[in-house]
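Got your viewer open? Load the model, colour it however you like, and let's take a walk along the chain.

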Amino acid sequence: MTRFDLKEFIADESGASAVEYGLIAGLVSVAGIAGLHTMGGSLQTLFTDVAGAIVEALS
């Protein structure tokens, strides 16, 4: 049976990198959502214009 050593537990950093990667992924997701939200209006206008041009070309 292993003995619990508080000093070794505190010095253990094996889970730190997983937490850091999780934080980075969260920040990238938030930045992506904010960027898409900001560009949402212009993207909608672009797709509407393209759809209109396709309808005109087919008429």
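What follows is a short tour, one selection at a time.

Before you click, note that this is a predicted model, where local features need pLDDT of at least 70, side-chain atom pairs count only at pLDDT 80 or more, and totals for chains, interfaces and linings use all residues. Residues are numbered from 1 along each chain as its sequence is written, and side-chain values use heavy atoms, with hydrogens and water left out.

**Select the whole chain.** You'll find 2 helices and 0 strands (DSSP runs numbered from the N terminus: H or I of at least four residues for helices, E of at least two for strands). The radius of gyration is 25 Å, well over the 10 Å that the globule rule gives for 59 residues, so the chain is more spread out than a compact globule (taken over C-alpha atoms; the rule is 2.2 Å times the number of residues to the power 0.38). Along the principal axes, the C-alpha atoms fill a box of roughly 80 × 20 × 10 Å. Buried residues make up 0% of the chain (buried is under 20% relative accessible area, exposed over 50%, partly exposed in between, with a 1.4 Å probe and protein chains only).

**Now select residues 16–58.** This is helix H2, whose 43 residues should span 63 Å at 1.5 Å a residue; the end C-alpha atoms are 58 Å apart, which agrees (the expected span is 1.5 Å times one less than the number of residues).

**Zoom in on Gly40.** Where is the kink in H2 centred? Right here on Gly40, at about 55 degrees (the angle between axes fitted to the seven residues ending at a residue and the seven starting there).

**Next, Val19 and Thr38.** Val19 lies in H2 and is exposed, at 52% relative accessible area. Measure in your viewer from Val19 to Arg3: the C-alpha atoms, 16 residues apart along the chain, are separated by 26 Å. Thr38, also in H2, is exposed at 66%. Thr38 and Leu23 are 15 residues apart in sequence and 23 Å apart in space, C-alpha to C-alpha.

**Last stop: Ile54.** Ile54 sits in H2 too and is partly exposed, at 46%.
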